[in-house]
Amino acid sequence: MSIAAGETAVVDGVGKDLYIGGAWRPAAEGKRLPVYDPSTERELCSVADASPADGIAALDAAVAAQPSWAAYPPRERGEILRRSYELISERVDELALLMTLEMGKPLAESRGEVAYAADFFRWFAEEAVRIDGGYAVAPKGGGRFLVARQPVGPSILITPWNFPMAMGTRKIGPAIAAGCTSVIKPAAQTPLSMLALAGILAEAGLPDGVVNVVTTSDSGGVVEPMIRDGRARKLSFTGSTGVGRKLLEQCADQVLRTSMELGGNAPFIVFDDADVDAAVDGAMLAKLRNIGEACTAANRFYVQSGVAEEFTRKFAERMEAQPIGRGTEEGVVIGPLIDSAAVDKVTTLVDDAVERGAVVRTGGSTIDGTGHYYRPTVLTDIPADARIVSEEIFGPVAPISTFETEQEVLGRANNTPYGLVSYLYTGDFDRALRVSEALEAGMVGLNQGIVSNPAAPFGGIKHSGIGREGGTVGIDEFLETKYVAIGLREQP
């Protein structure tokens, strides 16, 4: 089968209506939402464009399914997740192609994300049977304490476009394992991966109404009525800090439990005593994973003066050599950005830095022709007031500054309202621990350029989020703790 034929087949094989109560249905108002290939700017297909009434219908289904799903045996919930993991693993190639078509990342990266997404289901399949509580004698004797963990209840899950499947399984996995039903709203740019996932969950035996998928071009209009309805008890959101703030305001009215993974401004620090080649390898991962369109992407590079020129030269050479093109083409490393707005943002940040005195070592421009492409870019001599220092880039651009002392770089690295992830390269063990502890971030990559792992707690501090996803604590976001006080009569 040719790539072109394969593209048509994977797009045609996905349900394109709303998935509510175990059934595919068109939007109530009949509207459709176009889905575009960012490498060609051509329309791939259209999906149902939900109205607020459709969102409430999805919430109705989740609420109706909640009691029976909460009572479902934990082992059976885990088995559904395990079967889903196996189905995703069997279909890596077709799911990866679907992802590349709607999001743009190269096929190799899409395959990696599909495997990463599947692993969340495998991880939480095992966690479903490990939900526990406690039993204790009251400190003064006589009474007993019984502690139970119960599902929070119907949950609203909102995922971004940059990791269209993994951000879904990272939320859906613990919700299913904990016994929570959900309404999930994927990003308008990349709905196909989530719709494919809905089909896989149904095939794995997930009961109707446990997971409902609503695609829409009116995210705020559809989500806010669900939040204010009062029946949803949990919101999990991955996206920008600005949108996160608005959602928190809406959730306050109903005192909804929230968890949020928001924006980042990750520093990447290289000390003189680091292995420079290893640091360059890590920088390539931290900067170019997902074409730089990741909240965990290294956003600011700080390199100690003794190795600054060597690191910059080697890094710029590697960045310049990366093949650019459509993600379906063999050997391509840099695909298109998601849309023209993303290109405009990266262009504006680079132009602002250059106008203020930054030097372009490589890249620094778009690519003529069809598609939303921006060249891998390395900048040096970054002015402190450049916007690129304080704003999330979300593209393949690396601004490099030098520093002299440990205290200096810690002050600069922590001088941001964000605190998702920081990266650190050093050969000094004492410094590694000292700096890791001092960095204001929820995660630290120590001598490695990637931190994401289903078995690890993912999340940030400050304006980068609330709560954690993944790891042994990821399921806690979907569980309430109930304490039962038991009075015992004395033995006659």
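Let's start in the middle of things: T377 has V397 as its bridge partner in strand 16. The model you're looking at is a predicted one, and this pair makes a handy way in. T377 belongs to strand 15 (residues 377-380), which runs parallel to strand 16 and is joined to it by 3 bridges.

Now look at the other neighbour of strand 16. Here you'll find strand 13 (residues 298-304), again parallel, with 4 bridges joining it to strand 16. One pair to pick out is V303 and T402, the latter being the bridge partner in strand 16. So how enclosed is strand 16 itself, which covers residues 397-403? Of its 7 residues, 6 are buried, so the rest of the structure largely encloses this strand. For that count, a residue is buried when its relative accessible area is under 20%.

Step back, and these strands turn out to be part of an open sheet. It has 7 strands, in the order 14-15-16-13-12-18-19, and the pairing is mixed. At the edges sit strand 14 (359-362) and strand 19 (443-446), each of which pairs on one side only. From one strand to the next, the twist averages 25°. Something also lies against this sheet: helix 14 (residues 406-413) packs on it, touching strand 12, strand 13 and strand 16. The direction of helix 14 makes about 145° with that of strand 16.

Carry on along the strand order and you come to strand 12 (residues 266-270), which pairs with strand 18 in the parallel sense over 3 bridges. Within that pairing, I269 has L424 of strand 18 as its bridge partner.

Strand 18 (421-425) is also a good place to step off the sheet, as the loop between this strand and helix 15 (429-438) holds T426. Is T426 buried or exposed? Its relative accessibility is 5%, which is why T426 counts as buried. Leaving aside residues up to four places away in sequence, T426 touches F271, D273, A274, R431, A432, L446 and N447. There's a link closer by in the chain, too: a polar atom of the T426 side chain lies 3.1 Å from the backbone nitrogen of D428.

Next, have a look at a pair of helices. Helix 8 (residues 219-229) and helix 9 (residues 241-254) pack with their axes 8 Å apart, at an angle of about 25°. Angles under 35 degrees count as roughly parallel, and these two helices are therefore roughly parallel to each other. Which residues of helix 8 and helix 9 meet? From helix 8 come V223, E224, I227 and R228, and they meet L247, Q250, C251, D253 and Q254 in helix 9. By type, the residues of this contact divide into 4 nonpolar, 2 polar and 3 charged.

One more stop: another open sheet. This one has 3 strands in the order 5-6-22, and its pairing is antiparallel. Its edge strands are strand 5 (134-137) and strand 22 (479-486), each pairing on one side only. Here the twist from one strand to the next averages 20°. Zoom in on strand 5 and strand 6 (residues 144-151), and you'll see them pair in the antiparallel sense over 4 bridges. Y135 stands opposite L146 in strand 6. As you trace any of these strands, one general point helps: in a regular strand the side chains alternate between the two faces of the sheet.

How values were computed
Residues are numbered from 1 along each chain as its sequence is written. This is a predicted model: local features need pLDDT of at least 70, side-chain atom pairs count only at pLDDT 80 or more; totals for chains, interfaces and linings use all residues. Side-chain values use heavy atoms; hydrogens and water are left out. Buried means under 20% relative accessible area, exposed over 50%, partly exposed in between (1.4 Å probe, protein chains only). A polar contact is a pair of N or O atoms within 3.5 Å; within protein, one must be able to donate a hydrogen and the other to accept it, and residues adjacent in sequence count only if both atoms are side-chain atoms. Contact means heavy atoms within 4.5 Å. Two strands pair if DSSP finds at least two bridges between them. Axes are lines fitted to C-alpha atoms, for helices over the stretch in contact, and angles run from 0 to 180 degrees between N-to-C directions. Angles under 35 degrees count as roughly parallel, over 145 as roughly antiparallel, 65 to 115 as roughly perpendicular and the rest as oblique. Ala, Val, Leu, Ile, Met, Phe, Trp, Tyr, Cys and Pro count as nonpolar, Asp, Glu, Lys and Arg as charged, and the others, Gly among them, as polar.
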